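Welcome! Here is a friendly walk through one protein, from the whole chain down to a few single residues.

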Amino acid sequence: AGEMIPDQMVCDLLLEALLLDEPGLQDDLGFVVDGFPRTATQVDFLKLLYDKLLELHHRYADTPQGIAFPRPSFKVVVLYVDEETSIKRQLQRARVANLHNRRVLDAGAGQFFEERATDTDVDKCRMRYAIFKTHYAAT
């Protein structure tokens, strides 16, 4: 628990989500992908994806298919917090999820929130933060 999901799996899931043609999933506004990229490999993947989308944009710009290949625009925002703030937030997330899930059980209706094993123990919270810092530290 608390380990990073393998890069290949993360990148495959992202591509799958981008390529799905589900109503309401895609629109002209784009996507918000929370927690990505987290590793150097994922950053490289994002750069390659951008380069390919830009290439396709240029290739089809003056053709009838051009509308299907808009100029790519990626925005990446990184929010850093210190270790104690991270631990506090993880423990609070566990409390909120647990309370919500008890209410869902009592009511017999509603969607359960994910309860992460790493959110319930301070040592696991510290390990999760250390892993994050190792992979995604500000330099």
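Of the 139 residues of the protein, 22% count as buried, where buried means under 20% relative accessible area, exposed means over 50%, and partly exposed lies in between (1.4 Å probe, protein chains only). This is a predicted model, in which local features need pLDDT of at least 70 and side-chain atom pairs count only at pLDDT 80 or more, while totals for chains, interfaces and linings use all residues. Residues are numbered from 1 along each chain as its sequence is written, and side-chain values use heavy atoms, with hydrogens and water left out.

The protein has four helices and zero strands, so its elements run α-α-α-α from the N terminus on. Helices (H or I, at least four residues) and strands (E, at least two) are DSSP runs, numbered from the N terminus. The accessible surface comes to about 10,700 Å², and 57% of it belongs to carbon and sulfur atoms; such areas come from the Shrake-Rupley method with a 1.4 Å probe, and for residues only the protein chains shown count as cover.

**Helix α1**

Helix α1 covers residues 7–19, and its 13 residues should span 18 Å at 1.5 Å a residue, which agrees with end C-alpha atoms 18 Å apart. The expected span is 1.5 Å times one less than the number of residues. The buried residues of α1 are Val10, Cys11 and Leu14. They cover an arc of only 95° around the axis, which puts them on the same side of α1; the arc is that of the directions from the helix axis to the C-beta atoms. An α-helix has 3.6 residues a turn, so residues three or four places apart point the same way. What covers the buried residues of α1 includes α2 (40–60), with contact meaning heavy atoms within 4.5 Å. On the face turned away from the buried side sit the exposed residues Gln8 and Leu19.

**Two residues elsewhere**

| Residue | Place | Relative accessible area |
|---|---|---|
| Gln90 | helix α3 (residues 83–107) | 5%, buried |
| Val33 | loop between α1 and α2 | 37%, partly exposed |

Which residues does Gln90 contact, leaving aside its neighbours within four places in sequence? They are Thr118, Asp119, Cys125 and Arg128. As for Val33, its C-alpha atom is separated by 9.2 Å from that of Val76, and these two residues are 43 residues apart along the chain.
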